[in-house]
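Work through the exercises below with the sequence and the model side by side, and try each task before reading its solution.

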Amino acid sequence: MKKLIDKLYETGSLDQSEYSELISGRNYELSQYLFSLAREVRKRYYGEKVYIRGLIEYTNYCKNDCYYCGIRRSNKNVSRYRLDRDDILACCKEGYELGFRTFVLQGGEDPYFTDERMCDIISRIKDGYPDCALTLSIGEKSRESYRAFFDAGADRYLLRHETADSAHYGKLHPDELSSDNRKRCLYDLKEIGYQVGTGFMVGSPYQTAENLAKDMMFIKELKPSMVGIGPFIPHKDTPFADKPSGTLELTLFMLGLIRLTLPYALIPSTTALGTIAPNGRELGLKAGANVIMPNLSPVEVRKKYMLYDNKICTGEESAQCIQCLKNRVSSVGYEIVTDRGDAARAED
């Protein structure tokens, strides 16, 4: 098995059956070997730097009904909210003063936020903070909408494909959503000129090693600038309430594989990792990740943006969170930097 990891380290490429074999046959010793090479690769491209993104969860309304998501439209127990433009700009002001140079606008697919409203928000942020990158994470849109957001000043777009296997996708989503359209969105975004991020859930219901191998093949083909993965964590008010969570162990293994497959990628150590293990985010960094995304949303709405149960939602001010995160990142040998943190090299 080490030969497969060596091959991936040397070439950045395996075929689907090799990825599947590695994932199925992984063990502690193999994982530690993988992580050692992943750290070496991330150091080659990024040194000891860890980039921070200020996450602004601006709406928890969503027109979609994904079976795993706590803010799905069918969940009547959600306390819904929307931030207005001034609220969002206030988050950016606070974040800028704390040293953030990337803001991430994330929300459900909320029809209230028309293209016109979004373009106004985007242009106001970019006018106020021209030295900052702006990332959108707002779901599936038309190519025309993506173009309008890009022209208004958006730099990056995060859209996790969730699973590259269409049959598996159908088990996680209602019929109105399709894997093909999700992928179409990602290719539209790349062609327009965004720095594109994708990703998938680890340990989602019905997932197999072959599904994860397909995910690896898809990201290898797409060549995104960013890849965000996290363990599936159930939410009590969804059809998957009784499904088991994904594991820390498999999520970390997949992080290592992603780092060797896409050496230049920006890879977050996600909140979900920190939710399933107290030191999950630190372990993510040691497995090859190099980004963390602290929450800049107003404290009073953070617990309302609950995609899964037990999400980390502290009442601390952002400044306290940042100092805490700096200390934790430092404890595993890395350093949070004030930087836009663009991908290490242009995509092919």
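**Exercise 1. Establish the order of the strands in the open sheet and find which strands stand at its edges.**

Solution. This is a predicted model, in which local features need pLDDT of at least 70 and side-chain atom pairs count only at pLDDT 80 or more, while totals for chains, interfaces and linings use all residues. Residues are numbered from 1 along each chain as its sequence is written, and side-chain values use heavy atoms, with hydrogens and water left out.

Begin with the strands, which are DSSP runs of E with at least two residues, as helices are runs of H or I with at least four, both numbered from the N terminus; two strands pair if DSSP finds at least two bridges between them. Six strands then form an open sheet with parallel pairing, in the order S2-S3-S4-S5-S6-S8. Strand S2 (54-59) and strand S8 (226-227) are the edges, since each has a single partner strand, so one side of each is left without a neighbour in the sheet.

**Exercise 2. Follow strand S6 (residues 195-198) and decide whether its faces are covered or open.**

Solution. Start with the pairing: S5 (residues 156-158) joins S6 in the parallel sense through three bridges, and leucine 158 has glycine 197 as its bridge partner. On the way to S8, S6 forms two bridges, again parallel, and glycine 197 stands opposite methionine 226.

Next consider the faces, taking buried as under 20% relative accessible area, exposed as over 50% and partly exposed as in between (1.4 Å probe, protein chains only). In a regular strand the side chains alternate between the two faces of the sheet. Gln195 and Gly197 are buried on one side of S6, and Val196 and Thr198 are buried on the other, so that both faces are covered.

**Exercise 3. Compare the setting of two salt bridges, arginine 72 with aspartate 65 and glutamate 176 with arginine 73.**

Solution. A salt bridge requires a side-chain nitrogen of Lys or Arg within 4 Å of a carboxyl oxygen of Asp or Glu. For arginine 72 and aspartate 65 the closest N and O atoms are 3.5 Å apart; arginine 72 is buried at 9% relative accessible area, and aspartate 65 is also buried, at 9%.

For glutamate 176 and arginine 73 the closest N and O atoms are 2.8 Å apart. Glutamate 176 lies in the loop between helix H7 (166-172) and helix H8 (179-192), and arginine 73 in the loop between S2 and helix H4 (85-98), so the pair ties together parts that are 103 residues apart in sequence. Glutamate 176 is partly exposed at 48%, and arginine 73 is partly exposed at 36%.
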